[in-house]
Amino acid sequence: MERDGTAGEIFSFDLNKSRVVVLIKLLNPALDNLQHLINYLEQSEFAQDVAILSLDQVVVLKTWQNSTVLSAQMKTLLPADYSKQDYKIAVGACLNLPLFEQLPLSFQSAQSTLSYGLKHHPRKGIYVFDENRLPVLLAGLSHSWQGNELIKPLSPLFSEENAILYKTLQQYFLSNCDLYLTAEKLFVHPNTLRYRLNKIEQITGLFFNKIDDKLTLYLGTLLEH
(Lines give C-alpha, C1' and ligand atoms only; values in the text may rest on other atoms or scores of the structure.)
Protein backbone atom coordinates (compact mmCIF):
# COMPACT_ATOMS: atom_id res chain seq x y z
CA MET A 1 0.00 0.00 0.00
CA GLU A 2 2.89 2.37 0.76
CA ARG A 3 4.29 1.66 -2.67
CA ASP A 4 1.00 2.62 -4.35
CA GLY A 5 0.81 5.77 -2.28
CA THR A 6 4.30 6.83 -3.36
CA ALA A 7 3.43 6.28 -7.02
CA GLY A 8 0.26 8.27 -6.54
CA GLU A 9 2.24 11.18 -5.11
CA ILE A 10 4.78 11.09 -7.94
CA PHE A 11 2.08 11.23 -10.62
CA SER A 12 -0.28 13.49 -8.64
CA PHE A 13 -2.92 10.76 -8.58
CA ASP A 14 -5.67 10.54 -6.04
CA LEU A 15 -5.87 6.76 -5.75
CA ASN A 16 -9.40 6.96 -4.39
CA LYS A 17 -10.82 8.39 -7.62
CA SER A 18 -11.77 6.30 -10.63
CA ARG A 19 -10.37 7.39 -13.97
CA VAL A 20 -11.27 6.78 -17.56
CA VAL A 21 -8.87 6.86 -20.50
CA VAL A 22 -9.69 9.21 -23.36
CA LEU A 23 -7.73 8.60 -26.55
CA ILE A 24 -7.33 11.44 -29.06
CA LYS A 25 -6.24 10.56 -32.58
CA LEU A 26 -4.99 13.36 -34.83
CA LEU A 27 -5.93 12.69 -38.45
CA ASN A 28 -3.47 15.26 -39.79
CA PRO A 29 -0.52 14.80 -37.43
CA ALA A 30 2.19 17.45 -37.33
CA LEU A 31 4.56 18.51 -34.58
CA ASP A 32 3.09 22.02 -34.36
CA ASN A 33 -0.47 20.66 -34.12
CA LEU A 34 0.57 18.22 -31.42
CA GLN A 35 2.31 20.92 -29.37
CA HIS A 36 -0.70 23.21 -29.68
CA LEU A 37 -2.97 20.43 -28.44
CA ILE A 38 -0.72 19.50 -25.51
CA ASN A 39 -0.42 23.13 -24.39
CA TYR A 40 -4.20 23.35 -24.35
CA LEU A 41 -4.81 20.04 -22.57
CA GLU A 42 -2.25 20.71 -19.85
CA GLN A 43 -3.89 23.90 -18.60
CA SER A 44 -4.30 23.63 -14.84
CA GLU A 45 -8.02 24.46 -14.97
CA PHE A 46 -8.75 21.10 -16.61
CA ALA A 47 -7.25 19.02 -13.76
CA GLN A 48 -6.40 16.11 -16.04
CA ASP A 49 -3.33 14.03 -16.81
CA VAL A 50 -1.95 14.01 -20.35
CA ALA A 51 0.54 11.73 -22.12
CA ILE A 52 1.82 11.63 -25.71
CA LEU A 53 1.74 8.18 -27.29
CA SER A 54 2.91 9.19 -30.76
CA LEU A 55 2.73 12.05 -33.22
CA ASP A 56 -0.92 11.22 -33.89
CA GLN A 57 -2.16 9.91 -30.52
CA VAL A 58 -2.57 11.52 -27.11
CA VAL A 59 -3.97 9.99 -23.92
CA VAL A 60 -5.97 12.01 -21.41
CA LEU A 61 -6.94 10.65 -17.99
CA LYS A 62 -10.24 12.06 -16.80
CA THR A 63 -11.63 11.65 -13.30
CA TRP A 64 -14.84 9.64 -13.58
CA GLN A 65 -17.98 11.17 -12.09
CA ASN A 66 -20.84 10.05 -14.30
CA SER A 67 -21.59 9.68 -18.00
CA THR A 68 -23.47 13.00 -18.19
CA VAL A 69 -20.54 14.98 -16.81
CA LEU A 70 -18.09 13.11 -19.03
CA SER A 71 -20.18 13.81 -22.15
CA ALA A 72 -20.17 17.51 -21.31
CA GLN A 73 -16.39 17.41 -20.81
CA MET A 74 -15.87 15.84 -24.23
CA LYS A 75 -17.42 18.89 -25.89
CA THR A 76 -14.68 21.12 -24.50
CA LEU A 77 -11.86 18.60 -24.56
CA LEU A 78 -10.19 20.15 -27.60
CA PRO A 79 -9.43 23.78 -28.48
CA ALA A 80 -12.29 25.69 -30.10
CA ASP A 81 -10.22 26.27 -33.25
CA TYR A 82 -9.86 22.54 -33.90
CA SER A 83 -11.75 21.35 -36.96
CA LYS A 84 -14.00 18.34 -36.38
CA GLN A 85 -12.36 16.77 -39.42
CA ASP A 86 -8.92 16.78 -37.78
CA TYR A 87 -9.39 14.37 -34.90
CA LYS A 88 -11.24 11.42 -33.43
CA ILE A 89 -11.90 10.84 -29.73
CA ALA A 90 -12.42 7.45 -28.07
CA VAL A 91 -13.60 7.14 -24.47
CA GLY A 92 -12.65 3.90 -22.73
CA ALA A 93 -14.43 1.91 -20.06
CA CYS A 94 -14.65 3.06 -16.46
CA LEU A 95 -14.10 -0.04 -14.37
CA ASN A 96 -14.63 -0.64 -10.68
CA LEU A 97 -11.13 -1.98 -10.14
CA PRO A 98 -7.92 -0.89 -8.38
CA LEU A 99 -6.18 1.87 -10.32
CA PHE A 100 -3.27 -0.33 -11.45
CA GLU A 101 -5.78 -2.68 -13.13
CA GLN A 102 -8.29 -0.02 -14.13
CA LEU A 103 -6.06 2.16 -16.31
CA PRO A 104 -4.56 -0.53 -18.60
CA LEU A 105 -8.01 -2.02 -19.25
CA SER A 106 -9.57 1.39 -19.82
CA PHE A 107 -6.77 2.16 -22.29
CA GLN A 108 -7.27 -1.15 -24.07
CA SER A 109 -11.01 -0.55 -24.34
CA ALA A 110 -10.39 2.98 -25.69
CA GLN A 111 -8.12 1.54 -28.40
CA SER A 112 -10.71 -1.09 -29.36
CA THR A 113 -13.48 1.52 -29.34
CA LEU A 114 -11.42 3.76 -31.62
CA SER A 115 -10.71 0.91 -34.06
CA TYR A 116 -14.38 -0.07 -34.18
CA GLY A 117 -15.54 3.52 -34.59
CA LEU A 118 -13.11 4.34 -37.39
CA LYS A 119 -14.21 1.30 -39.35
CA HIS A 120 -17.97 1.32 -38.78
CA HIS A 121 -18.79 4.98 -38.02
CA PRO A 122 -16.11 7.02 -39.81
CA ARG A 123 -18.24 10.18 -39.90
CA LYS A 124 -18.58 10.42 -36.14
CA GLY A 125 -16.02 12.36 -34.12
CA ILE A 126 -16.48 10.79 -30.68
CA TYR A 127 -16.71 7.08 -29.90
CA VAL A 128 -17.73 5.97 -26.42
CA PHE A 129 -17.17 2.47 -25.09
CA ASP A 130 -20.51 2.41 -23.27
CA GLU A 131 -22.32 3.14 -26.53
CA ASN A 132 -20.48 0.37 -28.41
CA ARG A 133 -20.04 -2.11 -25.59
CA LEU A 134 -21.00 -5.34 -27.36
CA PRO A 135 -18.96 -5.02 -30.58
CA VAL A 136 -15.94 -3.71 -28.67
CA LEU A 137 -16.04 -6.57 -26.16
CA LEU A 138 -16.41 -9.04 -29.03
CA ALA A 139 -13.35 -7.62 -30.79
CA GLY A 140 -11.09 -10.07 -28.98
CA LEU A 141 -13.14 -12.94 -30.38
CA SER A 142 -12.54 -11.94 -33.99
CA HIS A 143 -10.05 -14.16 -35.86
CA SER A 144 -10.06 -16.70 -33.01
CA TRP A 145 -11.20 -20.25 -33.75
CA GLN A 146 -14.36 -19.57 -31.73
CA GLY A 147 -15.10 -16.45 -33.75
CA ASN A 148 -14.42 -18.28 -37.01
CA GLU A 149 -16.85 -21.02 -36.00
CA LEU A 150 -19.52 -18.46 -35.13
CA ILE A 151 -19.37 -16.73 -38.51
CA LYS A 152 -18.86 -19.90 -40.59
CA PRO A 153 -22.57 -20.21 -41.55
CA LEU A 154 -22.49 -16.60 -42.76
CA SER A 155 -19.36 -16.98 -44.90
CA PRO A 156 -21.32 -17.16 -48.20
CA LEU A 157 -22.68 -13.68 -47.43
CA PHE A 158 -19.16 -12.25 -47.42
CA SER A 159 -18.71 -12.88 -51.15
CA GLU A 160 -19.03 -10.01 -53.62
CA GLU A 161 -22.12 -11.50 -55.25
CA ASN A 162 -23.96 -11.53 -51.90
CA ALA A 163 -22.71 -8.15 -50.69
CA ILE A 164 -26.19 -6.63 -50.91
CA LEU A 165 -27.56 -9.39 -48.68
CA TYR A 166 -24.88 -8.81 -46.05
CA LYS A 167 -25.53 -5.07 -46.14
CA THR A 168 -29.23 -5.82 -45.72
CA LEU A 169 -28.52 -8.03 -42.71
CA GLN A 170 -26.38 -5.34 -41.10
CA GLN A 171 -29.04 -2.68 -41.58
CA TYR A 172 -31.76 -5.00 -40.30
CA PHE A 173 -29.99 -5.31 -36.95
CA LEU A 174 -28.98 -1.63 -36.90
CA SER A 175 -32.71 -0.91 -37.23
CA ASN A 176 -33.49 -3.19 -34.26
CA CYS A 177 -35.12 -5.76 -36.56
CA ASP A 178 -37.81 -3.25 -37.56
CA LEU A 179 -38.87 -4.39 -41.04
CA TYR A 180 -40.29 -1.08 -42.20
CA LEU A 181 -37.48 1.05 -40.79
CA THR A 182 -34.92 -1.24 -42.45
CA ALA A 183 -36.73 -0.98 -45.78
CA GLU A 184 -36.80 2.81 -45.42
CA LYS A 185 -33.07 2.97 -44.66
CA LEU A 186 -32.27 0.75 -47.65
CA PHE A 187 -34.69 2.58 -49.96
CA VAL A 188 -36.48 -0.65 -50.89
CA HIS A 189 -40.05 -1.93 -50.65
CA PRO A 190 -40.81 -4.05 -47.54
CA ASN A 191 -41.58 -7.00 -49.84
CA THR A 192 -38.10 -6.67 -51.36
CA LEU A 193 -36.66 -6.74 -47.86
CA ARG A 194 -38.69 -9.86 -46.99
CA TYR A 195 -37.32 -11.55 -50.10
CA ARG A 196 -33.75 -10.69 -49.10
CA LEU A 197 -34.22 -11.96 -45.54
CA ASN A 198 -35.66 -15.21 -46.86
CA LYS A 199 -32.68 -15.49 -49.20
CA ILE A 200 -30.32 -15.03 -46.24
CA GLU A 201 -32.08 -17.88 -44.43
CA GLN A 202 -31.72 -20.14 -47.48
CA ILE A 203 -28.02 -19.38 -47.92
CA THR A 204 -26.98 -19.63 -44.27
CA GLY A 205 -29.41 -22.26 -43.00
CA LEU A 206 -30.11 -19.90 -40.09
CA PHE A 207 -33.61 -18.67 -39.31
CA PHE A 208 -34.73 -15.37 -37.81
CA ASN A 209 -37.48 -17.03 -35.76
CA LYS A 210 -34.97 -19.20 -33.87
CA ILE A 211 -33.22 -17.34 -31.07
CA ASP A 212 -29.86 -19.14 -31.39
CA ASP A 213 -29.84 -18.64 -35.15
CA LYS A 214 -30.82 -14.99 -34.85
CA LEU A 215 -28.06 -14.40 -32.31
CA THR A 216 -25.53 -16.06 -34.63
CA LEU A 217 -26.67 -13.85 -37.51
CA TYR A 218 -26.35 -10.77 -35.31
CA LEU A 219 -22.91 -11.69 -34.02
CA GLY A 220 -21.88 -12.33 -37.60
CA THR A 221 -22.45 -8.65 -38.36
CA LEU A 222 -20.33 -7.57 -35.39
CA LEU A 223 -17.31 -9.86 -35.65
CA GLU A 224 -14.49 -8.96 -38.02
CA HIS A 225 -14.03 -11.37 -40.91
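Start with the whole chain, coloured by burial if your viewer allows: of its 225 residues, 39% count as buried. Keep in mind that this is a predicted model. The C-alpha trace spans about 60 × 40 × 30 Å along its principal axes. Switch to cartoon and you'll find 10 helices and five strands. As for contacts between residues at least 6 apart in sequence, 61% join residues at least 24 apart.

**Split it into domains**

Now colour by domain. The domain assignment gives domain 1 as 19-139 and domain 2 as 144-223. Put a marker at the C-alpha centre of domain 1 and another at that of domain 2, and the two lie 32 Å apart.

**The sheet**

Next, select the strands. Five of them make an open sheet with mixed pairing, and the order to read off is β2-β3-β1-β4-β5. At the edges sit β2 (49-54) and β5 (126-128), each paired on one side only. Going from one strand to the next, the twist averages 20°.

Zoom in on β1, residues 19-26. How many of the residues of β1 are buried? Eight of its eight, so to speak a strand that is mostly covered. Show the side chains: Arg19, Val21, Leu23 and Lys25 point one way, while Val20, Val22, Ile24 and Leu26 point the other, and all are buried. That's the pattern to expect, because side chains in a regular strand alternate between the two faces of the sheet.

Now look at the partners of β1:

- β3 pairs with β1 in the antiparallel sense over seven bridges. Pick valine 21 and then its bridge partner in β3, leucine 61.
- β4 also runs antiparallel to β1, joined by five bridges. Here, pick isoleucine 24 and its bridge partner in β4, isoleucine 89.

Carry on to β4 (residues 87-91) and β5, where the pairing is parallel, over three bridges. Alanine 90 is the residue to click, with tyrosine 127 of β5 standing opposite.

**Helices on the sheet**

Select helix α2, residues 31-41, and show Leu34, Leu37, Ile38 and Leu41, the buried residues of this helix. Why are they on the same side of α2? Because they cover an arc of only 100° around the axis. Follow these buried residues outwards and you'll see them pack against β1, β2 and β3.

Then bring up helix α4, residues 99-120. This helix lies across β1, β2, β3 (57-63), β4 and β5, and runs at about 40° to β1.

While you're on α4, click phenylalanine 100, which is found in this helix. Is phenylalanine 100 buried or exposed? Its relative accessibility is 59%, and since the cut-off for exposed is over 50%, phenylalanine 100 counts as exposed. For a distance to try, go from there to lysine 25: the two C-alpha atoms are separated by 24 Å, with these positions 75 residues apart along the chain.

**Last stop: the C-terminal part**

Finally, select residues 165-220. UniProt, in an unreviewed entry, lists this stretch as "domain: PucR C-terminal helix-turn-helix". In cartoon view, the chain over residues 165-220 is 77% helix and 0% strand. Click the two end C-alpha atoms of the stretch to finish: they are 13 Å apart.

Key
Residues numbered from 1 in each chain as written. Predicted model: local features only at pLDDT ≥ 70, side-chain atom pairs only at ≥ 80, totals over all residues. Heavy atoms only, no water. UniProt positions renumbered as here; feature names shortened; annotations may be inferred. Helix = DSSP H or I, 4+ residues; strand = E, 2+ residues; numbered from the N terminus. Pairing = 2+ DSSP bridges. Axes fitted to C-alpha atoms, helices over the stretch in contact; angles between N-to-C directions. Contact = heavy atoms within 4.5 Å. Buried < 20%, exposed > 50% of the residue type's maximum accessible area, 1.4 Å probe, protein only. Arc of directions from axis to C-beta. Domains from an automatic or database assignment.
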